[in-house]
Amino acid sequence: MRSKAESYLVNDIIRALYPHARLERHNVGKFYTADGRPIYAGPPKGYPDLSGNRRGDGRAVYIEAKIHPNKPTPEQLRYLADRRDEGAIAGVCYSVTDALALIGAADPEGKTEEKAENTEKTEEIK
């Protein structure tokens, strides 16, 4: 379950990146049927909080927002690594600044994008 602080971070990232990327927020929910069976709604396990496309070139963007000291799950890291391998921009962001750097918006020449993408590759995927 996402914390309130993490929800605020997700919203801040959407607002800050709006000029640079079109992002959608993804929520997961659980409810019960009348006979007590659990139903899970939303994207599959490991899917990041935000996905969309970078404006200008349309490159896919996937962002998992986290508040320190929280860390992404192995499923989240695997999903992000798979998307990066397919050419998408994907990473874990602990701040709006991280998100801007990830998509290359912090540097007009896009030099920060490669550095930010490679940061998460050092995380072990179990």
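Begin by selecting residues 108-126 of this predicted model, where pLDDT stays under 50. For this stretch the model has 33 contacts beyond four places in sequence. Where pLDDT is low, the predicted coordinates should not be read in detail. Helix α4, at residues 111-119, falls inside the stretch with pLDDT under 50. The protein as a whole averages a pLDDT of 85, and 82% of the residues score at least 70.

**The whole chain**

Next, display the entire protein as a cartoon. Four helices and six strands can be traced, and along the sequence they follow the pattern α-β-β-β-β-β-α-β-α-α. The protein has 126 residues, of which 38% are buried. Counting contacts between residues at least 6 apart in sequence, 58% join residues at least 24 apart. If a surface is switched on, the exposed area is about 7700 Å², with carbon and sulfur atoms supplying 52% of it.

**The largest nonpolar core**

Select Ile 13, Leu 17, Leu 23 and Ile 63 and show their side chains. These four touch the most other members of the largest nonpolar core, which has 15 residues. Which elements each supply at least two residues of this core? They are α1 (4-17), β1 (21-25), β5 (60-65), β6 (89-93) and α3 (96-103). Of these, α1 gives the most, with four residues. In soluble globular proteins, nonpolar side chains tend to be buried together.

Now centre the view on Leu 23. Leaving aside residues up to four places away in sequence, Leu 23 touches Ile 13, Leu 17, Leu 50, Ser 51, Gly 52, Val 61 and Ile 63. A second, separate core of nine residues includes Tyr 47, Tyr 62, Tyr 79 and Val 92.

**The tyrosine cluster**

Select Tyr 47, Tyr 62 and Tyr 79, which form one aromatic cluster. The count of aromatic pairs in the protein comes to three. How are the rings of Tyr 62 and Tyr 79 arranged? Their centres are 5.9 Å apart and their planes stand at 70 degrees; because an angle over 60 degrees counts as edge-to-face, the pair is edge-to-face. This pair links distant parts of the chain, with Tyr 62 in strand β5 and Tyr 79 in helix α2 (residues 74-85), 17 residues apart. Both partners can be checked for exposure: Tyr 62 is buried, with a relative accessible area of 15%, and Tyr 79 is buried, with a relative accessible area of 16%.

Remain in helix α2 and select Ala 81. Is Ala 81 buried or exposed? Its relative accessible area is 13%, so Ala 81 is buried. Add Gly 91 to the selection: the C-alpha atoms of Ala 81 and Gly 91 are separated by 8.2 Å, and the two residues are 10 apart along the chain.

**His 26 and its polar contacts**

Move to His 26, in the loop between β1 and β2 (29-32). Although placed in a loop, His 26 is buried, with a relative accessible area of 18%. What does the side chain of His 26 reach? One partner is the backbone oxygen of Glu 24, at 3.4 Å. Another is the side chain of Ser 51, joined to that of His 26 by a polar contact of 2.7 Å. Ser 51 was met earlier, among the residues that Leu 23 touches.

**A cis peptide bond**

Select His 68 and Pro 69 and inspect the bond between them. This is a cis peptide bond, with omega about 5 degrees. Pro 69 lies in the loop between β5 and α2.

**Helix α3 and what follows**

Finish with α3. At the start of this helix, a side-chain oxygen of Ser 95 reaches to within 3.4 Å of the backbone nitrogen of Thr 97. Within α3, Ala 99, Ala 101, Leu 102 and Ile 103 are buried.

The helix is followed by Gly 104, whose phi is positive, near 85 degrees. Gly 104 is in the loop between α3 and α4 and, at 13% relative accessibility, counts as buried. As a last selection, add His 20: Gly 104 and His 20 are 84 residues apart in sequence, yet 8.9 Å apart in space, C-alpha to C-alpha.

Notes: Residues are numbered from 1 along each chain as its sequence is written. This is a predicted model: local features need pLDDT of at least 70, side-chain atom pairs count only at pLDDT 80 or more; totals for chains, interfaces and linings use all residues. Side-chain values use heavy atoms; hydrogens and water are left out. Buried means under 20% relative accessible area, exposed over 50%, partly exposed in between (1.4 Å probe, protein chains only). Contact means heavy atoms within 4.5 Å. Accessible areas come from the Shrake-Rupley method with a 1.4 Å probe; for residues, only the protein chains shown count as cover. pLDDT is the predictor's confidence in each residue, from 0 to 100. A nonpolar core is a set of buried Ala, Val, Leu, Ile, Met, Phe, Trp, Tyr and Cys residues joined through side-chain atoms within 4.5 Å. A polar contact is a pair of N or O atoms within 3.5 Å; within protein, one must be able to donate a hydrogen and the other to accept it, and residues adjacent in sequence count only if both atoms are side-chain atoms. Rings of Phe, Tyr and Trp (its six-membered ring) pair if their centres lie within 6.5 Å; planes under 30 degrees apart count as stacked, over 60 as edge-to-face and the rest as tilted.
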